[in-house]
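Here is a short guided tour for anyone meeting this protein for the first time. Take a moment to turn the model around, and then read on.

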Amino acid sequence: MRWTIITRAVTFSVLGCLTVTTPLPAQSDLNGAWSIVEMSGHNAEGDWESNPVQPSLYIFMDGYYSIMLVSGSEARPLMAEDATRASITDEEMRSIFMQFIANSGTYEVSGSTVTTKPMVALWPNFMEGGSSQFQYVIDDGMLVLSDEDEDQGWWWTAKLERLR
């Protein structure tokens, strides 16, 4: 009986220590909510800059991410007040949604590279095994994301401010 009580006490003490001393997953310096404040790049048409920058929200938290942004420097057109999904034309749909990028899923960091893997995305093909890789750095409180394809001759850089 005495050994049973001692065994239980030791077992619960060890389990309690393991619970207290087991480290939590490392917090990434990416963790938080961010918004683009500057964006520029180069493509087949030459250098470009998004000015003004359109609305965006990037969230990175403990291995999960969500990205929503309006690309380009032009605001998306508003729909008619009485518009519904069923009533807008294909042309209206294209003009409203072509500039919108949205995907969420998991991310991993390796050195200065962040790789995102979508679980859900506006573009359904991206959900089927797609991923994106960006170079990143936190510089003076700003998150700087960049990507390039030397073979295709394009690059872009985005500076994001921390919202939270």
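Glu 38 is partly exposed, with a relative accessibility of 43%. Its side chain meets that of Lys 159 in a salt bridge, 4.0 Å from N to O. Lys 159 sits in strand S9 (residues 154-162) and Glu 38 in strand S1 (residues 32-43), so the pair ties together parts that are 121 residues apart in sequence. Lys 159 is partly exposed too, at 33% relative accessibility. The structure holds 1 salt bridge, and you have just met it. Please keep in mind that this is a predicted model.

Another residue of strand S1 is Ser 35. Is Ser 35 buried or exposed? At 14% relative accessibility, Ser 35 counts as buried, because the cut-off for buried is under 20%. Leaving aside residues up to four places away in sequence, Ser 35 touches Ser 56, Lys 159, Leu 160, Glu 161 and Leu 163.

Now step back to the whole chain. The protein has 164 residues, and 26% of them are buried. Its secondary structure comes to 3 helices and 9 strands, which follow one another from the N terminus as α-β-β-β-β-α-β-β-α-β-β-β. Among contacts with a separation of 6 or more, 46% join residues 24 or more positions apart. The protein exposes about 11800 Å², and carbon and sulfur atoms supply 56% of that area.

On the surface you can find a nonpolar patch made of Leu 57, Ile 59, Met 61 and Leu 163, whose accessible area together is about 320 Å². Ile 59 belongs to strand S3 (residues 56-61) and is partly exposed, with a relative accessible area of 34%.

Next, look for open space. Rolling a probe the size of a water molecule over the atoms shows where empty space is left. In this model, the largest pocket holds about 800 Å³. Which residues lie closest to its centre? Of the 29 residues in its lining, they are Leu 69, Ser 71, Phe 100, Ile 101 and Ala 102. Strands S1, S3, S4 (64-70), S5 (100-110), S6 (113-121) and S7 (132-139) each supply at least two lining residues. The largest share of the lining, 4 residues, comes from S5.

The loops have details of their own. Leu 78 is in the loop between S4 and helix H2 (90-97), and at 83% relative accessibility it counts as exposed. From Leu 78 to Ile 96 there are 18 residues in sequence, and their C-alpha atoms are 7.5 Å apart in space.

Some backbone angles also deserve a look. Most residues other than glycine have a negative phi, and most peptide bonds are trans. Against that background, the peptide bond from Asn 51 to Pro 52 is cis, with omega near 5°. Pro 52 lies in the loop between strand S2 (46-49) and S3. Two aspartates with a positive phi are set side by side here:

| Residue | Phi | Location | Relative accessibility |
|---|---|---|---|
| Asp 62 | near 50° | loop between S3 and S4 | 45%, partly exposed |
| Asp 140 | near 55° | loop between S7 and strand S8 (142-149) | 77%, exposed |

Asp 140 counts as exposed because its 77% is over the 50% cut-off, whereas Asp 62 at 45% is partly exposed.

How values were computed:
Residues are numbered from 1 along each chain as its sequence is written. This is a predicted model: local features need pLDDT of at least 70, side-chain atom pairs count only at pLDDT 80 or more; totals for chains, interfaces and linings use all residues. Side-chain values use heavy atoms; hydrogens and water are left out. Buried means under 20% relative accessible area, exposed over 50%, partly exposed in between (1.4 Å probe, protein chains only). Contact means heavy atoms within 4.5 Å. Accessible areas come from the Shrake-Rupley method with a 1.4 Å probe; for residues, only the protein chains shown count as cover. Patches are made of residues with over 30% relative accessible area and no salt bridge: like charges are joined within 9 Å, nonpolar side chains (Val, Leu, Ile, Met, Phe, Trp, Tyr) within 5 Å. On a 1 Å grid over the protein atoms alone, a cavity is a set of points where a 1.4 Å probe fits but cannot get out, and a pocket is an open set with protein on both sides within 12 Å along at least five of seven lines; lining residues have an atom within 4 Å of a point. Grid points are joined across faces, edges and corners, and a volume is the space filled by probe spheres set on the points.
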